[in-house]
Amino acid sequence: MSNLNEEKPKNTEMNFHSVEKIGGTSMSNYAAVRDNIILKPTQSNKPYQRIFVVSAYAGITNDLLEHKKTGQPGVFSLFANNDDDQGWRQALQTLKISMQAINTSLFEDGELLEQANAFISERLDDAESSLTDLHSLCQHGHFALDSHLETVREMLASIGEAHSAWNMTQLLKCEGINTCFIDLTGWKSTRHLPLDDRIQLAFNGLDLNTQLPIVTGYAHSADGLMSSFDRGYSEMIFSRIAVLTQAQEAVIHKEFHLSSADPRIVSEANAVPIGRTNYDVADQLAKLGMEAIHPKAAKGLRRNNIPLRVKNTFEPDHSGTLITGDYISDVPCVEIIAGCKGAYALEIFDQDLAGNIDRYDHEILTAIHRFKANIIAKDINANSITHYLSTNLKTIKRIRRVLEETFPESEIDQQKIAIVSAIGSDMQIPGILAKTVGGLASQNISVLAMHQSMRQVNMQFIIKVDDYERAIKSLHSCLIEVHNHGRAICLAS
């Protein structure tokens, strides 16, 4: 695979187009996408000079793979983990019914509805045929299913984005817009191309002045995407297209603003869009599972000086939040109070750990990466290592089982915890730690562990799950609401 973050030579010709990604929840509301995004462009009075990268409709990728938060199995998990092939077949048929129901809700024209159903049915039928053949092949001792699972996962993931992109292309054509369907999935391609080559080949000859590309948020590449980016693949495609086409701006349309806290917790009256921030802050949010953008996708934009704007689909007149590499708040600020409620602390204690930290840490990290758990933070002392992971209970149990086999004499414990974090582009403020801890103590919230890095962009507090919402409210109240509500907190004021 080519270096996904390398800088590309700039054209002498100025580019004015944007590359815009539409999230799954927004995609599930076509009227809002059409009226608030497509027909309300930000750069001109015409809907062109824009490239749209679309996610699968809300919930579809969960049904194709597994639920991102709960781990509930989808077609892929059922195929990978069960000897009985009836489970995944039934799930695939149920999914076909769901996807055709989406089509029925979108297409009033009978002929177009038939075409939409035929398109997605062909993809699903091809997938079923491929899985059947693979299942049969792997009944023979010379073929191991595990060696093919990454390919299966990629194939299934691509179906969701192809479905939504094809539909949106046809729907906008009915609105009189000259759209073109850019299918990067390589569904029947006989060539395995590097990612950059596939993207550049697809965009050769396009005229952005007169054509509106609707692009699948999944792209097939010679080396695969999911092994590196897993469910962040659509953001990598979005970022890569922005870099390769030298976009003036990258835009992500979500169903919410990037706000000072979750408005469902602190109320809409108290939460405010943060307006400006930098890629450091975006990376901190990603570690908590609240992605503005995948960190590796952000890296490509940052290195190529492409600003990222996060907008709320349902408030089209709001400018959203602009993220750049060089932004630092005018004065030291806390910009966001964020957190993760569904996290676990995994602790390994062993008297032999002192002097052997590297060996223990290597084995622990290997197990965590094997099961794709997200590491939020880590503590190390003389006799213990604790990792704070954003994952589900099933995954924690699998990791723990592996470590118990590797270190049979160690004491291994797990605990469900929550994490709250104060984040800002510059938080070098004397006394901020004491002020923050004081805000938690005022609500009788015990801090189980805490972290503050020298870079001064975030503070993290490990707390009990039952204290999560009170902690978010308390920190937002004492660090943000007491200051100028029209901007991010200025603790120096």
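Let's start where the prediction is least sure of itself: over residues 9-13 the pLDDT (the predictor's confidence in each residue, from 0 to 100) stays under 50, and the model has four contacts for them beyond four places in sequence, a contact being heavy atoms within 4.5 Å. Residues 485-493 also have pLDDT below 50, with 29 contacts in the model beyond near neighbours in sequence. For the protein as a whole, the mean pLDDT is 89, and 92% of residues reach 70 or more.

This is a predicted model, in which local features need pLDDT of at least 70 and side-chain atom pairs count only at pLDDT 80 or more, while totals for chains, interfaces and linings use all residues. Residues are numbered from 1 along each chain as its sequence is written, and side-chain values use heavy atoms, leaving out hydrogens and water.

Now for the fold. You will find 17 helices and 14 strands, taken as DSSP runs (H or I, at least four residues, for helices; E, at least two, for strands) numbered from the N terminus. The radius of gyration is 24 Å, close to the 23 Å that the globule rule gives for 493 residues, so the protein is as compact as a globular protein of that length. Here the radius is taken over C-alpha atoms, and the rule is 2.2 Å times the number of residues to the power 0.38. Along the principal axes, the C-alpha atoms fill a box of roughly 65 × 60 × 40 Å.

How do the chain's contacts spread along the sequence? Among those with a separation of 6 or more, 76% join residues 24 or more positions apart.
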